[in-house]
Structure formats: C-alpha cells, structure tokens
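Here are a few notes to read alongside the model. Have a look at the fold first, then at the rings.

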Amino acid sequence: MTFRLYYWPTIPGRGEFVRLALEAAGADYIDVGRTQGASAVAEMINRGMHFAPPILENDYESVSHVAHILAWLSYPLELAPPNERDFRRMEQLQLTVTDFVAEIHNVHHPLGPTVYYEDIVGVAQSGARAFLHDRLPAFLAYFERTLSENPYGTDWLVGDGCTTLDLSLFQVMRGLRYAFPNAMRLMTTPWLDELVLRVAHRRRIRSYLDSDRRIAFNNDGIFRHYPELDEQV
C-alpha cells in the first residue's frame with residue numbers, strides 16, 4: 001500500500017516526524033508537497049477534513065496531527081511496543097513530545113505564527129531565557145529519566161525495540177542542537193545522546209539522512225537558529 005504525505009515542501013517541520021517513521025520502516029510513500037508543490041498540500045487542506053498538515057492518506061482514509069498519525073502507523077510499520085499497556089505509554093509520551101515541540105516553536109513565535117519574528121525580537125528573547133533556563137531542562141530531564149528507567153532496557157524509551165517515539169525524540173534532539181547549540185552544550189543528556197546515535201545508525205535512517213529526500217533544518221521551520229535567542233556560554 002502506498003501512503004501519501006501532505007506537508008510543505010521546503011521545511012522539515014512537523015512532517016519530518018512522519019517521514020522518519022515511513023523511512024525507518026521502508027514504507028512506500030509519496031511526499032506530495034515535494035513532488036507536486038505546496039498548492040497540492042493547500043488543496044488537501046481546503047477540502048475541509050483537516051485543519052493543517054501533516055496529513056497522511058492511504059486508499060481508505062486520511063489522518064492528521066503528528067501523534068495521531070504515528071499511533072495509526074506504529075503497528076503496521078512494526079514500530080510499536082509489544083502490548084497495549086506499553087502502547088498507551090508510548091502515546092502518552094508522544095503527546096508530551098507534542099507539547100515540547102509546541103514550546104520550542106513558541107520561542108521564536110511567542111505571539112503566534114502570523115506575527116513576524118523580526119517584529120518581536122525583544123519579546124522572543126525574554127521568552128527564550130525562560131524556556132532555556134526552565135522548560136528545556138525540565139523536558140530533557142523527564143525524557144532522560146524515562147529512557148534510563150525503561151524496565152526492558154535502556155536502548156529505547158518504551159518496550160525493547162525502536163518505536164515511533166524514539167524516532168520523534170531523535171528529531172527533537174537534533175533540532176534542538178541546531179536551534180540552540182550553546183544552550184544544548186550546557187545540558188547533560190547522556191541517555192538521549194546515545195539514543196540519537198542509535199537511531200542515526202539504523203540502516204534505513206542513515207540512508208535517508210544521506211539522501212536528497214531529507215530537508216535540512218532551516219529558519220522557516222520549527223527549529224530555528226537565531227543567535228540572539230541562544231544561551232551564551
């Protein structure tokens with residue numbers, strides 16, 4: 001079965017969380033924004049079933065919202081934990097990732113996505129200080145503890161194999177190191193750092209990262225590098 005992913009063609013954004021799952025599993029998919037342009041994504045939204053991308057569609061249905069899409073995909077792509085209780089735990093943690101990503105995005109758009117960053121630099125700097133000193137360490141400590149206390153072993157966040165959740169944390173950690181390199185050097189995250197390396201060395205992920213299918217981080221996406229918002233060492 002071929003999936004169709006609808007997301008903007010020039011940024012990794014939230015679509016990247018879905019791409020990583022599809023790529024890790026070797027799934028057959030069409031990246032509609034990349035192949036048909038942003039107008040095809042806008043047309044899908046204008047049909048009225050979904051508020052915003054990413055949207056993933058197969059021959060039978062279409063699903064939006066990252067956590068919802070990943071929950072839908074995890075079993076057929078064999079990226080789910082082995083039992084229902086651990087699946088619910090994975091979903092809970094994925095929703096925490098959703099909260100984390102929203103707070104990261106709001107650092108550079110504290111007054112909403114329609115207000116240009118250049119018009120609110122001062123407000124963003126105040127918010128960045130609070131995020132980097134309080135919220136960032138709190139989220140990272142939570143996921144560090146989750147990984148180190150997994151009863152199945154410390155390779156993965158839930159269960160004894162790689163799940164969509166591990167792929168999402170991989171993307172978040174890489175995005176944070178792009179956006180806040182100085183602040184991230186002050187963070188102590190040995191378990192998450194090992195997770196990033198473990199995911200990066202998976203054969204299909206490594207192939208994807210080296211391919212032209214991957215869109216590099218840039219200052220139009222969720223993870224943006226503005227030096228004035230980064231913690232100075």
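1. Which strands does helix 4 (residues 66-74) lie across? Helix 4 lies across strand 1 (3-6), strand 3 and strand 4, and runs at about 135° to strand 4. Axes here are lines fitted to C-alpha atoms, for helices over the stretch in contact (heavy atoms within 4.5 Å), with angles from 0 to 180 degrees between N-to-C directions. Helices (H or I, at least four residues) and strands (E, at least two) are DSSP runs, numbered from the N terminus.

2. A word on the source: this is a predicted model, where local features need pLDDT of at least 70, side-chain atom pairs count only at pLDDT 80 or more, and totals for chains, interfaces and linings use all residues. Residues are numbered from 1 along each chain as its sequence is written, and side-chain values use heavy atoms, leaving out hydrogens and water.

3. Now the sheet: it's open, with 4 strands in the order 2-1-3-4 and mixed pairing (strands pair if DSSP finds at least two bridges between them). Strand 2 (29-31) and strand 4 (62-64) are the edges, each pairing on one side only. From one strand to the next, the twist averages 20°.

4. Strand 3 (residues 55-57) and strand 4 run antiparallel, joined by 3 bridges. E57 has S62 in strand 4 as its bridge partner.

5. On to burial (buried is under 20% relative accessible area, exposed over 50%, partly exposed in between; 1.4 Å probe, protein chains only). F3 is buried at 10% relative accessibility, while W72 is partly exposed at 22%.
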